[in-house]
Amino acid sequence: MHGVRQRLAIAHNLRKDKKKKPVLHAEDKFELLKTLYISTETTFPHERYRVQLALVMQLAGITGNRPSALLSVRYQHIKVTLLEDPSGGEQPRVLIEIVFHHTKGSLGEKDAYVFPFHIVCAAASDYVAVANWRGRNEFGIPDVPNEPCLLLCPHITMLALLFADQAFAPPSLTSPEQLFRLRIALGQKQLPVPLKEEMAERPLFRRCKNTVEGI
């Protein structure tokens, strides 16, 4: 079945260029997230669903990946690393990297800017992407110092789910305060923060089940 769509497009003289899609601006996403969190009419069987939906909207906005790629993320696709503060501060910067799968190709050639790897934050609202040509759709989510709008920040939402699932391998690492107390060893540039190996196959976005003990 490989290349069937491309051959059909050529045989029937179909257009292969991408259709223009409506753009969701940051102001629109802000209103969506605000409604999600404060509306009394938006209810869920479990409040984890609310946080998961917020993260899906945040990641969709900065990665451009379709829902199936976002919802297929498992813990084995996530990596957390502490990096040196480029401004020379004592507090390390937290980088979360995600490898996305089930991403969609197009009939035409892919854009040059398809596989972003690291994001360098020059300012709170200035995201500069660097292309990754290793053939995987990786995306880095850094912390943004003095972020003016935490509602739009996927970094905080992602960490909330990691701590809610107790996903970090070090037994003592159970809260954000403990994460931000960690320091990089002298002479090192980074400090990997491993996740539990037994959680590798667990999806980040999950459904809740009713049990005799509750949801």
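Which side chains meet in a salt bridge of 3.5 Å, N to O? They are those of E97 and K79. E97 lies in strand β2 and K79 in strand β1, so the salt bridge ties together parts that are 18 residues apart in sequence. The two partners differ in cover. E97 counts as buried because its relative accessibility is 6%, under the 20% limit. K79, at 47%, counts as partly exposed.

Now step back to the whole chain. The model is predicted. The protein has 215 residues, and buried ones make up 33% of them. Its secondary structure comes to six helices and six strands. Start at the N terminus and follow the order: α-α-α-α-β-β-β-β-β-α-α-β. The accessible surface comes to about 14200 Å². Carbon and sulfur atoms account for 56% of that surface. Contacts also reach along the sequence. Take the contacts with a separation of 6 or more: 60% of them are between residues 24 or more positions apart.

Turn next to the strands. Strand β2 runs antiparallel to β5, and six bridges join the two. One bridge pairs F100 with N137 of β5. Strand β5 covers residues 137-142 and is mostly covered, with six of its six residues buried. In a regular strand the side chains alternate between the two faces of the sheet. Look along β5 with that in mind. N137, F139 and I141 point one way. E138, G140 and P142 point the other way. Residues on both sides of β5 are buried.

Helix α5 comes next. H155 is found in this helix. H155 counts as buried because its relative accessible area is 3%, under the 20% limit. What does H155 touch, not counting residues up to four places away in sequence? The answer is V94, I96, I141, P142 and D143. Two of these, I141 and P142, belong to the β5 residues that point in opposite ways. V94 and I96 fall within β2, which spans residues 93-100.

Now look inside. In soluble globular proteins, nonpolar side chains tend to be buried together. The largest nonpolar core here has 30 residues. Several elements give two or more residues to this core: α3, β1, β2, β5 and α5. Helix α5 gives the most, with five residues. Within the core, F168 and L204 have the most contacts. Take F168 as a viewpoint. Leave aside its neighbours within four places in sequence. F168 is then in contact with V80, L159, L162, F163, L173, V193, P194, L195 and K196.

Charged side chains form their own links. The count of salt bridges comes to eight. One of them joins D165 and R48, with the closest N and O atoms 2.9 Å apart. This pair links distant parts of the chain, 117 residues apart. D165 sits in the loop between α5 (154-164) and α6 (176-181), while R48 is in helix α3 (residues 48-63). Are these two partners buried or exposed? D165 counts as buried because its relative accessibility is 11%, under the 20% limit. R48 also counts as buried, at 12%. The link extends further. R48, D165 and R206 are linked in a network of salt bridges.

Another salt bridge takes us back to the start of β2. Find D85 in the loop between β1 (78-83) and β2 (93-100). The side chains of D85 and R93 meet in a salt bridge of 3.8 Å, N to O. R93 is buried, with a relative accessible area of 15%. D85 is buried too, because its relative accessible area of 18% is under the 20% limit. D85 has another partner as well. A polar contact of 2.7 Å joins its side chain to that of S87. Beyond residues up to four places away in sequence, D85 touches Q91 and R93.

Put the pieces side by side. E97 of β2 meets K79 of β1 in a salt bridge. Six bridges join β2 to β5. H155 of α5 touches I141 and P142. The core draws two or more residues from each of α3, β1, β2, β5 and α5. D165 and R48 add a salt bridge between a loop and helix α3.

How values were computed: Residues numbered from 1 in each chain as written. Predicted model: local features only at pLDDT ≥ 70, side-chain atom pairs only at ≥ 80, totals over all residues. Heavy atoms only, no water. Helix = DSSP H or I, 4+ residues; strand = E, 2+ residues; numbered from the N terminus. Polar contact = N/O pair within 3.5 Å; in protein donor to acceptor, adjacent residues only side chain to side chain. Contact = heavy atoms within 4.5 Å. Salt bridge = Lys/Arg side-chain N within 4 Å of Asp/Glu carboxyl O. Buried < 20%, exposed > 50% of the residue type's maximum accessible area, 1.4 Å probe, protein only. Pairing = 2+ DSSP bridges. Core = buried A, V, L, I, M, F, W, Y, C linked by side-chain atoms within 4.5 Å. Areas by Shrake-Rupley, 256 points an atom, 1.4 Å probe, with all protein chains shown as cover.
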